[in-house]
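Hi,

Here is the structure I promised to pass on. Have a look at it first, and my notes follow underneath.

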Amino acid sequence: MEKKDRHELYNKLDKKLGHKHQLIILIEECGELIRASTKVLRYGLENEKVCENFVEELGDVEICIETMRTITKIKDLDARVNNSKKFKLLRVKKRLEDKEDL
Ligand SMILES: [Mg+2]
């Protein structure tokens with residue numbers, strides 16, 4: 001599905017169900033990704049069923065993130081998220097170079 005079509009879909013869902021419902025879905029999907037991640041730790045990605053579930057939950061969370069980015073209409077969201085990511089990645093890079101605890 002094209003980006004434009006996904007955004008149209010997210011906005012339709014938001015109109016029908018509202019932000020609160022989308023936040024609940026985000027929370028649920030994060031929980032499912034956490035659960036899938038624990039299975040990866042227990043059984044490894046070599047386990048096809050575990051790997052497939054992990055991939056599915058990554059996709060679900062990505063959809064939720066894209067949905068939230070679309071429907072919240074937060075001012076300058078892309079720039080703000082990118083600044084936050086830049087700050088955190090530089091901090092991790094510095095900690096790695098300084099051999100600090102991550
Ligand atoms: Mg899911």
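At 1.5 Å a residue, what should the 24 residues of helix 2 span, and how far apart are its end C-alpha atoms? The expected span is 34 Å and the end C-alpha atoms are 35 Å apart, so the two agree. (The expected span is 1.5 Å times one less than the number of residues; helices are DSSP runs of H or I with at least four residues, numbered from the N terminus.)

Two things to keep in mind before the rest. Residues are numbered from 1 along each chain as its sequence is written. This is a predicted model, in which local features need pLDDT of at least 70 and side-chain atom pairs count only at pLDDT 80 or more, while totals for chains, interfaces and linings use all residues.

Now the helix pair. Helix 1 covers residues 3–43 and helix 2 residues 48–71; they pack at an angle of about 150°, with their axes 7 Å apart. (Axes are lines fitted to C-alpha atoms, for helices over the stretch in contact, and angles run from 0 to 180 degrees between N-to-C directions.) That makes helix 1 and helix 2 roughly antiparallel, a label for angles over 145 degrees. By class, their contact has 15 nonpolar, eight polar and eight charged residues. (Ala, Val, Leu, Ile, Met, Phe, Trp, Tyr, Cys and Pro count as nonpolar, Asp, Glu, Lys and Arg as charged, and the others, Gly among them, as polar.)

Glu57, Cys64 and Thr67 are buried in helix 2, and the buried residues of helix 2 pack against helix 1. (Buried is 20 or more other C-beta atoms within 10 Å of the residue's own, exposed is 12 or fewer, with C-beta atoms placed from the backbone; contact is C-beta atoms within 7 Å.)

Helix 3 is another story. None of its 21 residues is buried, so it lies largely in the open. Helix 3 reaches 30 Å from first to last C-alpha, close to the 30 Å expected. Lys88 lies in this helix, residues 77–97, and is exposed, with 10 other C-beta atoms within 10 Å.

Last, some backbone oddities. Most residues other than glycine have a negative phi. Lys73, in the loop between helix 2 and helix 3, has a positive phi of about 55° although it is not a glycine. Asp76 is found in that loop too, again with a positive phi of about 55°. Lys99, which follows helix 3, has a positive phi near 55°.

Cheers

Technical notes: Parallel < 35°, antiparallel > 145°, perpendicular 65-115°, else oblique. Contact = placed C-beta atoms within 7 Å.
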